[in-house]
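Hi,

Here is the structure I promised to pass on. Have a look at it first, and my notes on the cavities follow below.

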Amino acid sequence: MAATATLSLARRTMVSSHSVRARTWKVEIDGSVVGSISNQRTVEFPVKAGQHLLRVKSTRYLLSPEESFEAVAGQVVKFSCHPRALSPIIFTRWLIWFLASLVKHDLWIGLEFVNTSSADIGATSFAVLENIPKIPAGASEIESSLSARPSGIGSGTITGTAARAPANPRSALVVSNLTKRFGERTAFSDVSFDVGYGEVFGFLGPNGAGKTTTVRTLGTLIAPTSGSATVAGIPLSPENGVEIRQRIAIMPESPGLYLRLTVTENLEYFAGLYGLRHATTRINDALEAVNLGDRASDLCASLSKGLRQRVGLARTLLSDPEIMFLDEPTSGLDPVASLEVHNLIIGLRQKGVTIFLTTHRLDEAEKLCDRVAFLNTTLRTVGRTAELREQLFKRSLRVKTLEPIGDPAEFFTRILAVEDWRPDGANTYVLTVSDPEVAAPEVTRALVSADVGVLFIGEAQHSLEDVYLELIADDAEARRS
Amino acid sequence: MMSLDATRLRAVVHKELLDYRRKRAIVVSMVLLPILFLVEPVVSIFVAAPSESSSALDSFVILPLLYMLLIAVVMPSTLAAFTVVGEREQGTLEPLLTTPLREQEFIIGKGAAVMIPSVALSYLVYGLFLLAVELFAHPAVATAVFHNGPILLALFLFAPLVAGWSVVVGMAVSVRASEVRVAQQLGMLASLPITGVVLLLAIGVIHPTFPVAIAFAAGLLVIDLITLRIVSRMFDRERLVIGTKATRS
């Protein structure tokens, strides 16, 4: 899958490739090292649409000036870099350069914009911050957003047109037999799953199931006892911790803000920690995305819990992460604030951000997640909610009559399409059937011919809560036996 | 060779200094503590009998001078003790550890933010003291102070070094402590042994000369660097996140 725009960087040189100055130079975009460039080479980097900062840095800590550029979808932005001439003959000039560079390192590597050209890179525009949909005031946005979900998620890799172009085509998260023990206690054991790029993956389970520990493990905060994982294409290991953390964002259950600092100061701090300089635009965009633009100068101590949660979300948006881990993002929020967070998540998923959502709220998971996983120390199941329902429950019809049926056992046994039945209230019945489309007309005919008033007949829908309770009940039973 | 990112370091230092400025208790202690440590030396100098011999005066002024060095010991130890356990108590440590910030950047950034105001205030107090001596002290006493070259050199060289010691020791305690108050008390205690050098100079066990001052400064620098390395190794993300007991999700 192609990216939105391409940065093409050519390195020119005036010295032999064996010279000291022929060492590889690092290329930084928006403060993050994205690759390197050798002498007389041209390299290309995929970039998202929007404003970026480019800098070239030598391995000897010599820098180029920072150049900003606007990447437009489908275009190639060309830059050229070269070492500055350091004539040994004009020693005075060299000395001035040297002394000046101690203060300002802009003099060693020249970096120049060349031109912008079109390229058919077939990418869909994506820029998290610039295009984050603002949290809408109403709830109607959710339905329309959900209907626009890209297809093909269940297989693990998103294929929809709105999907974000991954750095590599593999899954965003690949977890294989991951286990974490704290002494005698097992936090989670033998957990395996994968999450596709652009997928919203729900991670459910009761208290103490190991959800937060899994997030912390994948976020390189704690080391797994055994097993392996790949996060944003990088193998999970202590050595790769910084690189992984550069590509992900984690929002813990408690936002953990510095209460004596303002909202903007909090975000400025974290922008700095992500190595982002000149982050004012990003901060403003992130605040706008969570509808906090007008509270930017407020001290965090003066914000309500819901607003603090939003600041925490804005913080995760700053670094434009490939994967966002949201640990109970709506915990403690009122319904309106929760809805706003839901809408933001929907907006992010439409932009192709991979979201790993830990939640206790099953309605939330059902509404937002492409797939869900149930963890109860071990991974109980993974799948789309519809698939899980089919796996766990037989299909059934719900019948509601005007008055109770005289002898329901005798009545339903006579209908061939009905395999089993059970009452669900005074005049409501749940019928187990193999094919509701065949059984429903047959049941309706039988009820009408028996002169029973029918208020409702339709396929019974099992909620995610039913699935959850069924799995947890299985676990409880297994422990008892 | 560890690689440090200047942007991240700058972010840590800037945020810490901003946070100090907003915390009333820190601002008040930063104002009161130097005044407290300035009073005793100033009074001592002004009550000194100028009729005494110059050698007696020379010895007499050593203690008031070195007394001011305690600013660089006491102030950083309380601030440094807060650095890690304080973040954990206010719930900001975990979000911080989820960023690309390296352990060394965290320690050096936090340490620098503690050292900058502490050393700056120490130097400000030294300056004020010397100015007061120059302007108001008896000429014989002033001469004794300004002719104590090795002690003055030690005062200026030792301030950042003893502050550095207090910072790294305070952070070491903070990494392992479970409460801010415990960390501050232990940090203060742990930072005191370094004042032994001061004591040895003050009571005349070590005769203050320029080479001795420089040698002690070099020794303190080595101790600081070794301790810094030890603290870096003590910094364990997992332990900091989950504490001594494993948390449940």
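I'll start with the second largest cavity, which has a volume of about 60 Å³. Bear in mind that this is a predicted model.

Which residues line the second largest cavity? From chain A there are Ala249(A), Ile250(A), Phe270(A), Tyr274(A), Arg315(A) and Thr316(A), and chain B adds Pro95(B), Thr98(B) and Thr99(B). So you'll find both chains in that wall if you colour by chain. Two elements of chain A, β14 (248-251) and α8 (305-318), each supply at least two residues of this lining. By character, the lining divides into 5 nonpolar, 3 polar and 1 charged.

Now for the other one. The structure holds 2 cavities of 30 Å³ or more, and the largest has about 90 Å³ of space in it. It is lined by 13 residues. If you want to centre your view there, pick Lys15(B), Glu16(B), Asp19(B), Tyr20(B) and Phe82(B), the lining residues closest to the centre of the largest cavity.

As for the elements around the largest cavity, α1 (6-22) and α4 (70-82) of chain B are the ones that give two or more residues to its lining. Of these, α1(B) gives the most, with 4 residues.

How do the residues of that lining divide into nonpolar, polar and charged? The split for the largest cavity is 4 nonpolar, 2 polar and 7 charged. Set that beside the second largest cavity, where 5 are nonpolar and 1 is charged.

Cheers

Conventions. Residues are numbered from 1 along each chain as its sequence is written. Chains are lettered from A and ligands numbered from 1 in the order in which they are written. This is a predicted model: local features need pLDDT of at least 70, side-chain atom pairs count only at pLDDT 80 or more; totals for chains, interfaces and linings use all residues. Side-chain values use heavy atoms; hydrogens and water are left out. On a 1 Å grid over the protein atoms alone, a cavity is a set of points where a 1.4 Å probe fits but cannot get out, and a pocket is an open set with protein on both sides within 12 Å along at least five of seven lines; lining residues have an atom within 4 Å of a point. Grid points are joined across faces, edges and corners, and a volume is the space filled by probe spheres set on the points. Ala, Val, Leu, Ile, Met, Phe, Trp, Tyr, Cys and Pro count as nonpolar, Asp, Glu, Lys and Arg as charged, and the others, Gly among them, as polar.
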